[in-house]
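Let's take a walk through this model together, starting from one pair of strands and working outwards. Keep the structure open beside the text as you read.

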Amino acid sequence: MTQPTTDAARVTGVLLAAGGGRRLGGRPKALLAHRGRPLVENAVRVLREGGCATVYVVLGAAAEEVRARADLAGCVLVDNPEWERGMGSSLRAGLEALAASEPGVRGGARAALVSLVDQPGIGAEAVARVLAAHRSDDSLAAASYGGKRGHPVLFGAGRWADIAASATGDRGARAYLTAHEEEIALVECGDVAEPYDIDTEADLGRLQ
């Protein structure tokens, strides 16, 4: 397991796991089977092994079933009642919950490392690389794959309010990142991770 530095230890993982799997016949992505367990457990493990001591998990579709079937002990669970409006609502819920829990607390979280539940090809090493890009409350960093921006993404605490305000639909933070493209520290992860999504029935073959 990656041992976080003093600065990196102030980065909290925010896992977006609210999707209903519309193109998967309405099967919530958090509950898809991966290595015999719900996919959400794998995503939490990756964040922890990558250096996030605390993980916020944003739930939406079948939230109560996810709570019952998945081992999310030690995680902070955030309900997103507006999950059907898209990923933007989940990002907003996660950042707002994180900001509300750490209002100016000395030693509290000063950056959020955001990942998606349906990207099992991204492991702990990619998380650790992006996490290490944290420098200040203005930090803005993202994994890149062959130079193309992807997840996970790191947001310094000074950016949370503006990102939450701009997060709409399925675009998440895309509009904010596009507007601040020159400020993003891209961290190449193509040698250690694959950024595919589990979106359709054909993608299920990528799960183990």
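Begin with strands S7 and S8 (residues 148-156), which run antiparallel and are joined by five bridges. To find your place along the pair, look for Ala142, whose bridge partner in S8 is Val153. Bear in mind as you go that this is a predicted model.

Now zoom out to the sheet that holds these two strands. It is an open sheet of seven strands with mixed pairing, and its order reads S5-S4-S1-S6-S8-S7-S9. At the edges sit S5 (76-79) and S9 (185-188), each of which pairs on one side only. From one strand to the next, the twist averages 25°.

Helix H1 packs on this sheet, where it touches S1 (11-17), S4 (55-59) and S6 (111-116). The direction of H1 makes about 165° with that of S1. How much of H1, residues 39-49, is covered? Eight of its eleven residues are buried, so the helix is mostly covered under the 20% cut-off for relative accessible area. The buried residues are Leu39, Val40, Glu41, Asn42, Ala43, Val44, Val46 and Leu47. After H1 comes Gly51, which has a positive phi, near 120°.

The next stop is the nonpolar interior. The largest nonpolar core has 35 residues, and those touching the most other members are Leu15, Ala17, Val40, Val57, Val66, Leu113 and Val130. Two or more residues come from each of S1, H1, S4, helix H2 (63-69), S6, H4 and S7. Which element gives the most to this core? That is H1, with five residues.

Val130 is a good place to pause. Beyond residues up to four places away in sequence, Val130 touches Leu113, Ala141, Ala142, Ala143, Pro152, Leu154, Val187 and Cys189. Ala142, where we began, is thus among the residues that Val130 touches. Apart from the largest core lies another, of 25 residues, including Leu16, Ala93, Phe155 and Trp160.

Finally, turn to Ser139, found in the loop between helix H4 (124-131) and strand S7 (140-145). Is Ser139 buried or exposed? With a relative accessible area of 7%, Ser139 counts as buried because this value is under 20%. A polar atom of the Ser139 side chain lies 2.7 Å from the backbone nitrogen of Arg135. Setting aside neighbours within four places in sequence, Ser139 is in contact with Ala133, His134, Leu154, Phe155, Gly156 and Arg159.

Terms used:
Residues numbered from 1 in each chain as written. Predicted model: local features only at pLDDT ≥ 70, side-chain atom pairs only at ≥ 80, totals over all residues. Heavy atoms only, no water. Helix = DSSP H or I, 4+ residues; strand = E, 2+ residues; numbered from the N terminus. Buried < 20%, exposed > 50% of the residue type's maximum accessible area, 1.4 Å probe, protein only. Polar contact = N/O pair within 3.5 Å; in protein donor to acceptor, adjacent residues only side chain to side chain. Contact = heavy atoms within 4.5 Å. Pairing = 2+ DSSP bridges. Axes fitted to C-alpha atoms, helices over the stretch in contact; angles between N-to-C directions. Core = buried A, V, L, I, M, F, W, Y, C linked by side-chain atoms within 4.5 Å.
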